[in-house]
Amino acid sequence: MPYVKANQVGIVLSVVVSFLLTPWILPLLWLVQVVGLFARGRFNLFVRAAKPWLNVVGKETQSAELTRFNNALAVAFLTFSVLFFSLGWTIAAYAFAAMLLVAASAALLGYCIGCTIYFQLKQLRHRF
């Protein structure tokens, strides 16, 4: 969980900075998240940067499947945001970046929106 939190802090800070300075920080954030997704978290820049200061012994954990699902959601939001910025659709682009900001901020505060979506999808699959 400390690694997950480090990634969430990185997402929140990057999106806030992109809102304040330039939206072209978002493609860099997208790259960090895509690399983390495909490398199963091993090469996530935010985790690597925070690792020397994190104490993970005996800490709460999160399933790898759930972590990948949440990371895939972040990549999806960022993909749409970057795509819409490149098309000049700034309102839609900011909306997707804002949704990611809300989700990552809520997760830092203790409520995982991605976890709720994951659970509901699992329930739906089980019913059908």
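In this predicted model, the protein chain exposes about 8,000 Å², and carbon and sulfur atoms supply 71% of that area. Of the 128 residues in the protein chain, 35% are buried.

**Fold and dimensions**

The secondary structure of the protein chain comprises six helices and zero strands. Read along the sequence, these elements give the pattern α-α-α-α-α-α. The protein chain is as compact as a globular protein of that length, because its radius of gyration of 15 Å is close to the 14 Å that the globule rule gives for 128 residues. Taken along the principal axes, the box filled by the C-alpha atoms is roughly 45 × 45 × 25 Å. As for contacts in the protein chain between residues at least 6 apart in sequence, 71% join residues at least 24 apart.

The values for the whole chain are collected below.

| Property of the protein chain | Value |
|---|---|
| Exposed area | about 8,000 Å² |
| Share of exposed area from carbon and sulfur atoms | 71% |
| Buried residues | 35% of the 128 residues |
| Radius of gyration | 15 Å |
| Box of C-alpha atoms | roughly 45 × 45 × 25 Å |

**Disulfide**

A search of the whole structure yields one disulfide. The link is formed by C112 and C115, whose sulfur atoms lie 2.3 Å apart; a pair of cysteine sulfur atoms within 2.5 Å counts as a disulfide. The angle about the S-S bond is 75°, and the link of C112 and C115 is right-handed. C112 counts as partly exposed because its relative accessibility is 21%, whereas buried means under 20%.

Terms used
Residues numbered from 1 in each chain as written. Predicted model: local features only at pLDDT ≥ 70, side-chain atom pairs only at ≥ 80, totals over all residues. Heavy atoms only, no water. Buried < 20%, exposed > 50% of the residue type's maximum accessible area, 1.4 Å probe, protein only. Helix = DSSP H or I, 4+ residues; strand = E, 2+ residues; numbered from the N terminus. Rg over C-alpha atoms; globule rule 2.2 N^0.38 Å. Contact = heavy atoms within 4.5 Å. Areas by Shrake-Rupley, 256 points an atom, 1.4 Å probe, with all protein chains shown as cover.
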